[in-house]
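Thanks for coming. I have one structure to go through today, and I will keep to a helix, a pocket and a few salt bridges. Please have a look at it first.

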Amino acid sequence: YREHVEHGLAHARRMGLSTGATQVIAQHHEHADGSGFPAGLNTDRMTSAARIVALVDRYDELCNPRLSARALTPHEALSLIFAQTKSKFDASMLNAFIRMMGVYPPGSVVQLTDDRYALVTNVNSTRPLKPRVLVYDPNTPAADALHINLEHQADLGIRRSLRPQQLPVPALQYLSPRQRVIYFFEPAQVSTSGFGQEMAA
């Protein structure tokens, strides 16, 4: 397992990848506290790109392990990283990652405080406990499913995160949570001297 870093570096050199990309391959299993491999680097000796990839790689590994039975929900993965291994990752990047992904990342299956089942569709970066959700309603066709922005619902929130297999079969078929979720982030809107300008997030 540990040899895959060196194999990756050999491929990178053959492909003529840039120094920055090669450093990410070399350092993506290093940890902020120096407990990673292959060189035992700490935050100060890792590139910023490698610190990002190390965090995202761990998150993906928890959500999509080789044995699918061990897969965590996005919410469980973030919670585990924060509660048990946050010292292994750059603190500012971990905080930014949680803000971007939300406490309940898109694709999370949840039960609302009124007991309805829902699927998180969008993160609310200013109120991470109040994302947008698609709600299971057996009386409404799935094509017309209700979308709710919990930010605008003072008396409604999320009670708990669920694994898809915990859903009743009709709710599972209705919400159709995907085994893998692909995330993308739109550029932040930053105003400069009165003019709108798109900046990479």
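I'll start with E61, which is partly exposed, with a relative accessible area of 32%. Keep in mind throughout that this is a predicted model. The side chain of E61 meets that of R58 in a salt bridge, at 2.5 Å from N to O. R58 is partly exposed as well, at a relative accessible area of 26%. Both residues sit in helix α3, three residues apart, which is about one turn of the helix. In general, an α-helix has 3.6 residues a turn, so residues three or four places apart point the same way.

How many salt bridges are there by this rule? The count is six. Another of them joins the side chains of D90 and R51, with 2.9 Å between N and O. Here R51 is in helix α3 while D90 is in the loop between α4 and α5, so this pair ties together parts that are 39 residues apart in sequence. Are these two residues buried or exposed? D90 is buried, with a relative accessible area of 11%, and R51 is buried too, at 16%; the cut-off for buried is under 20%.

One more pair, D114 and R116, forms a salt bridge at 2.8 Å, N to O. D114 is partly exposed, at a relative accessible area of 35%, and R116 also counts as partly exposed, at 30%.

Now to helix α4, residues 74-84. Which of its residues are buried? They are P74, H75, A77, L78 and I81. Those five cover an arc of only 165° around the axis, which puts them on the same side of α4. What covers them includes α3 (48-63), α5 (91-101) and β5 (158-162). Turned away from that buried side is a face carrying the exposed residues A83 and Q84.

Last, the second largest pocket. Its volume is about 850 Å³. Of the 34 residues lining this pocket, C63, N64, L72, P74 and Q179 lie nearest its centre. The elements that give two or more residues to the lining are α3 and α5, and α3 supplies the largest share, six residues. What is the lining made of, by class? It has 23 nonpolar, seven polar and four charged residues.

P74 has now come up twice: as a buried residue of α4, and among the residues nearest the centre of the second largest pocket. Helix α3 also recurs, as part of what covers the buried residues of α4 and as the home of R51. That is where I will stop.

Key
Residues are numbered from 1 along each chain as its sequence is written. This is a predicted model: local features need pLDDT of at least 70, side-chain atom pairs count only at pLDDT 80 or more; totals for chains, interfaces and linings use all residues. Side-chain values use heavy atoms; hydrogens and water are left out. Buried means under 20% relative accessible area, exposed over 50%, partly exposed in between (1.4 Å probe, protein chains only). Helices (H or I, at least four residues) and strands (E, at least two) are DSSP runs, numbered from the N terminus. The arc is that of the directions from the helix axis to the C-beta atoms. Contact means heavy atoms within 4.5 Å. On a 1 Å grid over the protein atoms alone, a cavity is a set of points where a 1.4 Å probe fits but cannot get out, and a pocket is an open set with protein on both sides within 12 Å along at least five of seven lines; lining residues have an atom within 4 Å of a point. Grid points are joined across faces, edges and corners, and a volume is the space filled by probe spheres set on the points. Ala, Val, Leu, Ile, Met, Phe, Trp, Tyr, Cys and Pro count as nonpolar, Asp, Glu, Lys and Arg as charged, and the others, Gly among them, as polar. A salt bridge is a side-chain nitrogen of Lys or Arg within 4 Å of a carboxyl oxygen of Asp or Glu.
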